[in-house]
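Here are a few short exercises to work through with the model open beside you. Take them in order and try each one before reading its solution.

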Amino acid sequence: VHQKKIIQEEDKAFIKAARQAIEGLPQRAQHTYVLHRQDGLTYKEIAQVMDVTVKTVESQMSRALDMLRSRLRDVSPNQVTERTIAKIFSFRDTGTD
């Protein structure tokens, strides 16, 4: 039980840091990331919403992910994976703010 609580506290710290990192992304990269990961839009749909090419969406998403990995590696190197970064928004209502 004690170890589970420690893990939960580490998860909360990671999620908080991840959200701050997302907020610190350049505007286009942040918008692209949020539309894809939070809103579930495809790259094609994002391109239409933002009035850009799919290639631009791919570039902005790559930029966002690279920046998030870099920023979050210092917080919790073991948690920085595609899977954990993708799940950040699924924890939004857990009282981690």
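**Exercise 1. Check the length of α2 against its expected span.**

Solution. Keep in mind that this is a predicted model. Start with the 12 residues of α2 and the rise of 1.5 Å a residue. The expected span is one less than the number of residues times that rise, so α2 should cover 16 Å. Now look at the end C-alpha atoms: they lie 15 Å apart, which agrees.

**Exercise 2. Find which residues of α2 are buried, and decide how they are arranged around the axis.**

Solution. With buried taken as under 20% relative accessible area, the list for α2 is Ala29, Thr32, Tyr33 and Leu35. Next, look down the helix axis: these residues fall within an arc of 165°, so they line one face of α2. Just past the helix, Gly40 has a positive phi of about 75°.

**Exercise 3. Which residues touch the most other members of the largest nonpolar core?**

Solution. That core has 13 residues, and the ones to pick out are Leu25, Tyr33, Ala64, Leu68 and Leu72. Then ask where the core comes from: α1 (2-23), α2 (27-38) and α4 (54-73) each give two or more residues to it. Zoom in on Ala64, setting aside neighbours within four places in sequence, and you will find contacts with Leu25, Ala29 and Tyr33. A second, separate core has 6 residues, including Leu35, Leu41, Ala47 and Val57.

**Exercise 4. How many helices and strands does the protein chain have?**

Solution. Count 5 helices and 0 strands, which read along the sequence as α-α-α-α-α. Finally, for the chain of 97 residues, buried residues make up 31%.

Definitions and conventions:
Residues are numbered from 1 along each chain as its sequence is written. This is a predicted model: local features need pLDDT of at least 70, side-chain atom pairs count only at pLDDT 80 or more; totals for chains, interfaces and linings use all residues. Side-chain values use heavy atoms; hydrogens and water are left out. A nonpolar core is a set of buried Ala, Val, Leu, Ile, Met, Phe, Trp, Tyr and Cys residues joined through side-chain atoms within 4.5 Å. Buried means under 20% relative accessible area, exposed over 50%, partly exposed in between (1.4 Å probe, protein chains only). Helices (H or I, at least four residues) and strands (E, at least two) are DSSP runs, numbered from the N terminus. Contact means heavy atoms within 4.5 Å. The arc is that of the directions from the helix axis to the C-beta atoms.
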